[in-house]
Amino acid sequence: MLLDECEAAGVALELNCRVGAVRRGERFVLETNRGAFESETLCVATGGLPIPKLGASGFAFEIAKQFAVPVTPTRPGLVPLTFSEADLKWMRTLSGVSAEVIARAGKAAFREAALFTHRGLSGPAILQASSYWARGQSIEINWLPDAEDGVLAKRKRERPKAQLKTVLAEFLPERLAETLLAHTAGEAQQEIGASKDAALIDLTRALKAFALTPAGDEGYAKAEVMVGGVDTDALSQKSMEARAAPGLFFVGEATDVTGWLGGYNFQWAWASGWAAGQAL
Ligand SMILES: Cc1cc2nc3c(=O)[nH]c(=O)nc-3n(C[C@H](O)[C@H](O)[C@H](O)COP(=O)(O)OP(=O)(O)OC[C@H]3O[C@@H](n4cnc5c(N)ncnc54)[C@H](O)[C@@H]3O)c2cc1C
């Protein structure tokens, strides 16, 4: 469909064509491995830094710098988070286990699945939160998103002989329930096992606001998007043309627009490309 549309509009496609440098005299001149191309206007749609293996490059930022168009600091987004050896000691055995949680980073919170990996945490809730996380900050995980504070105490009263981990496993995968309990309750578990309501309420609260400090993230090799990019304040919001360099446009992932999971990044690439296309 896209090729048909391109043909109808008279688009000339140049495949396997690497742009090495851009110059500007009277017109833009692109130096490529297939020769030089000249044009009145230039739209930079070379994406961002995620997944270098797929050809990602910082080329858009080189062009931005060359034409004095500001770029905001970049970092990986929608990316799995990694943890230090101290955390991995208890997390690693859970690799492959997932649960529905609310993951919070800064002011953003996402209710979706979290997945333990052999390096830390992933899954949609974590990927979403990662775009709002900054190094050194902690994230907060609510492992019991539907539970009221008193729920474990109530369930334990109803089943006094049941082990606490069995009660908790009504809400979470068994292995996760057991590990979280050991990690959160620690030595107080004996006391909690004796059905102290207050201790069980404290435990529930702790599991609903479970703070973890990621050591880092899996980087651009695993990131689905990039946070930051060509500063949108430096672009016309109607046409994506750079204010500092008339005739030069930036669209898509190269710009400082970061979408949530769910197709918003593709949407932005197409929508900003369309906007620039109207003005070229
Ligand atoms: C693994 C993964 C999964 C994703 N899943 C989703 C999803 O489910 N939903 C969603 O909305 N978004 C998703 N995204 C994000 C989405 O793919 C991007 O936001 C979108 O493709 C950006 O489009 P773009 O045209 O700006 O850049 P790109 O699609 O990155 O295209 C840029 C192109 O420019 C080329 N290029 C770079 N430098 C040069 C050069 N010097 N000369 C010539 N060509 C060059 C690159 O090779 C590339 O082909 C995902 C991204 C990744 C990495």
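Helix α9 takes in residues 197-208 of this predicted model. Its twelve residues, at 1.5 Å each, should span 16 Å, and the C-alpha atoms at its two ends are indeed 16 Å apart, so the expected and modelled lengths agree. Below you will find the two sides of this helix, then the nonpolar core, the shell around the ligand and two loop residues worth a look.

**Helix α9**
- Four residues of α9 are buried: Leu200, Leu203, Thr204 and Leu207.
- These buried residues share one side of α9, because the arc they cover around the axis is only 100°.
- Turn to the other side of α9 and you meet Ala198 and Arg205, which are exposed.

**The largest nonpolar core**
- The largest nonpolar core is made of 43 residues.
- Within this core, the residues with the most contacts are Val101, Ala103, Ala114, Ile126, Ala129, Trp143 and Leu168.
- Strand β7 (residues 98-105) gives the core its largest share, which is five residues.
- Both domain 1 (14-74 + 226-279) and domain 2 (81-217) contribute to this core, with at least three residues from each.

**Around the ligand**
- The ligand has 21 residues around it, and those that come nearest are Gly47, Gly55, Gly252, Asn265 and Ala269.
- Helix α10 (residues 264-279) supplies the largest share of this shell, with four residues.
- Sorted by class, the shell holds ten nonpolar, eight polar and three charged residues.

**Two loop residues with positive phi**
- As background, most residues other than glycine have a negative phi.
- Ile51 is not a glycine, yet its phi is positive, at about 60°.
- You can find Ile51 in the loop that runs between β4 (42-44) and α2 (59-66).
- Ile51 has 14 C-beta neighbours inside 10 Å, and therefore counts as partly exposed.
- Leu78 is not a glycine either, and its phi is positive as well, at about 45°.
- The loop between β5 (71-77) and β6 (81-82) is where Leu78 lies.
- Leu78 counts as buried because it has 24 C-beta neighbours inside 10 Å, and the cut-off for a buried residue is 20 or more.

Key. Residues numbered from 1 in each chain as written. Predicted model: local features only at pLDDT ≥ 70, side-chain atom pairs only at ≥ 80, totals over all residues. Near = placed C-beta within 6 Å. Nonpolar A, V, L, I, M, F, W, Y, C, P; charged D, E, K, R; others polar. Expected span 1.5 Å × (residues − 1). Buried ≥ 20, exposed ≤ 12 C-beta atoms within 10 Å, placed from the backbone. Arc of directions from axis to C-beta. Core = buried A, V, L, I, M, F, W, Y, C linked by C-beta atoms within 7 Å. Domains from an automatic or database assignment.
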